[in-house]
Amino acid sequence: MSLKDLFIRPENNAPKKGNNQTGNNKSTENSRREEPVVQKQEPAPAPEPESPIGQINMDNIIPQPTPEAQENETPITEVNNVKKKRLWETLIKRNLPGPDMLELKSYSASLESMGLSQEKRYEAAFKMLKAQYPDFTKEKLLKSIDTYINFVNEEIESGRNQYAAKRKQTIGTQQKNLDNMVKENNHIEQQLIELQKKNKELTNEIEKLKAEITAATKEIAHDEQVFINSANSVICDLMTDREEMSNINVDQ
């Protein structure tokens, strides 16, 4: 079966029949009826299949989470699908030249309707790519996965730096202000009764600031963990793809 046979189905246009035409000759005694005219239309030529390179389908690339997995998520294992999608988009933007894991993954997803197992779809997609790109080998395929894992690790490092800067900017100044307020409050508690009003006001401000710091710390820590979980999830997906692709039977 050729690549064209797998992806292109010729459109067979059914012949169109014309309407019966009846001509009545009022000047003669016998009327004549014309035979129906059938107009045949040639089927449109099937388009040639396009090369998969540059035709990456985002929906085919990103693994969809199962409802069970989402229900069992905890703050430590929580994955944000939006962050995960952005990481995959980053990989697609940094798509390596020529066929690799991304093209094979996207190409194999288009074969899902054939009822093949994931491994067989990978094998079929590999053979199709190799037919168009003879220098494409399994070694290049697996090496591309390692490269994409390195890309994700770069994103993790960049993300950590951004969250560290956000933590310093958001919490650093507030923590310093809190320390100063606590010292001032301890001093005020030793003063005369006329300072009790100010002492009470500062106490309220301290409690409010503590609550803001606690909320900000929790939110940033949560977002950072979700980001790291999302990135690690992408790596797990890549490692799973690598393991599955390592077992496909293809000619090197």
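Where is the place of Asn 229? Helix α8, residues 196-246, is where to look. Keep in mind as you browse these views that the model is predicted.

**View 1. The whole protein, element by element.** Start with an overview: the protein has eight helices and four strands. Along the sequence they follow the pattern α-β-β-β-β-α-α-α-α-α-α-α. Of the 252 residues, 29% are buried. The accessible surface comes to about 17,300 Å², and carbon and sulfur atoms account for 48% of that surface. Among contacts with a separation of 6 or more, 78% join residues that are 24 or more positions apart.

**View 2. Asn 229 and its partner Glu 78.** Here we zoom in on Asn 229 in helix α8. Asn 229 counts as buried because its relative accessibility is 9%, below the 20% cut-off. A polar atom of the Asn 229 side chain lies 2.9 Å from the backbone oxygen of Glu 78.

**View 3. Helix α4 and its two sides.** Helix α4 covers residues 81-93, and its 13 residues should span 18 Å at 1.5 Å a residue; the end C-alpha atoms are indeed 18 Å apart, so the two values agree. Its buried residues are Lys 84, Leu 87, Trp 88, Leu 91 and Ile 92. These buried residues sit on the same side of α4, because they cover an arc of only 145° around the axis. Turn to the other side of α4 and you will find Arg 86 and Lys 93 exposed. At the start of the helix, a side-chain oxygen of Asn 80 comes to within 2.8 Å of the backbone nitrogen of Val 82.

**View 4. Thr 137, in the loop between α6 and α7.** Follow the chain out of α6 (118-132) and, before α7, you meet Thr 137 in the connecting loop. Is Thr 137 buried or exposed? With a relative accessibility of 18%, Thr 137 counts as buried, since the cut-off is 20%. Its C-alpha is 8.6 Å from that of Phe 126, and the two residues are 11 apart in sequence.

**View 5. Helix α7 from end to end.** Just after that loop comes helix α7, which holds 51 residues, 138-188. From its first C-alpha to its last, α7 reaches 74 Å, close to the 75 Å expected at 1.5 Å a residue. Where does α7 bend? Look at Ile 171, where the helix bends by about 35°.

Terms used: Residues numbered from 1 in each chain as written. Predicted model: local features only at pLDDT ≥ 70, side-chain atom pairs only at ≥ 80, totals over all residues. Heavy atoms only, no water. Expected span 1.5 Å × (residues − 1). Bend = angle between axes of the 7 residues up to and from the residue. Buried < 20%, exposed > 50% of the residue type's maximum accessible area, 1.4 Å probe, protein only. Polar contact = N/O pair within 3.5 Å; in protein donor to acceptor, adjacent residues only side chain to side chain. Contact = heavy atoms within 4.5 Å. Areas by Shrake-Rupley, 256 points an atom, 1.4 Å probe, with all protein chains shown as cover. Arc of directions from axis to C-beta.
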